[in-house]
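Here are a few friendly notes to read alongside the model. I have kept them to the core, one helix and one hairpin.

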Amino acid sequence: MDNTNNGEIIIVDPLDQEEESDYTYTHNFKKPFSWEGKTYEILHFDFSKLNGRDFLMVGTELTRLGIPAPVPSLSGEYQARVALRACEEKIDMTLLYAMPLIEVNAILRRTKDFLLLSEH
């Protein structure tokens, strides 16, 4: 795609844009969601801030809880805990458990996409 800026042609590579969006996600709630006195309309996730420690600590936490995750990218519990670590707002599992299913599914789908992308 070509853009012009003061007569200068700027070439924007769509792959560069897609790659950046694979690491960030803004979740807009279908309708405001209230939980424990706070209303949520939007959540921001930045998966690029995660590191190997995050990955391993989520696995350790699940093991401690007795929750198997043989394929982390396909485990909803694993995805949820990765999403919590990537969320810019401070949220916890109780919030995810209380959210409408359509909202949780959207967040976990984007988290799974990130985890699958990071396996390559």
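1. Contact here means heavy atoms within 4.5 Å. On that basis, Met99 touches Phe29, Phe33, Leu43, Val104 and Ile107, leaving aside residues up to four places away in sequence. Please keep in mind that this is a predicted model, where local features need pLDDT of at least 70, side-chain atom pairs count only at pLDDT 80 or more, and totals for chains, interfaces and linings use all residues. Residues are numbered from 1 along each chain as its sequence is written, and side-chain values use heavy atoms, without hydrogens and water.

2. Met99 also belongs to the largest nonpolar core (buried Ala, Val, Leu, Ile, Met, Phe, Trp, Tyr and Cys residues joined through side-chain atoms within 4.5 Å). Among its 28 residues, Leu43, Phe45, Phe47 and Met99 touch the most other members. At least two core residues each come from E3 (24-35), E4 (38-46), H2 (52-65), H3 (76-86), H4 (93-98) and H5 (101-118); these are DSSP runs numbered from the N terminus, with at least four residues for helices (H or I) and at least two for strands (E).

3. H3 is largely enclosed by the rest of the structure, because 8 of its 11 residues are buried (under 20% relative accessible area; exposed is over 50%, partly exposed in between; 1.4 Å probe, protein chains only). The buried residues include Tyr78, Arg81 and Leu84, and the buried set packs against E4, H2, H4 and H5.

4. E3 and E4 pair antiparallel over 8 bridges (pairing requires at least two DSSP bridges). Tyr25 has Phe45 of E4 as its bridge partner.

5. The E3–E4 hairpin has 2 residues between its strands. Do look at Glu36 in that turn, whose phi is positive, about 50 degrees. Most residues other than glycine have a negative phi. Glu36 counts as exposed because its relative accessibility is 66%.
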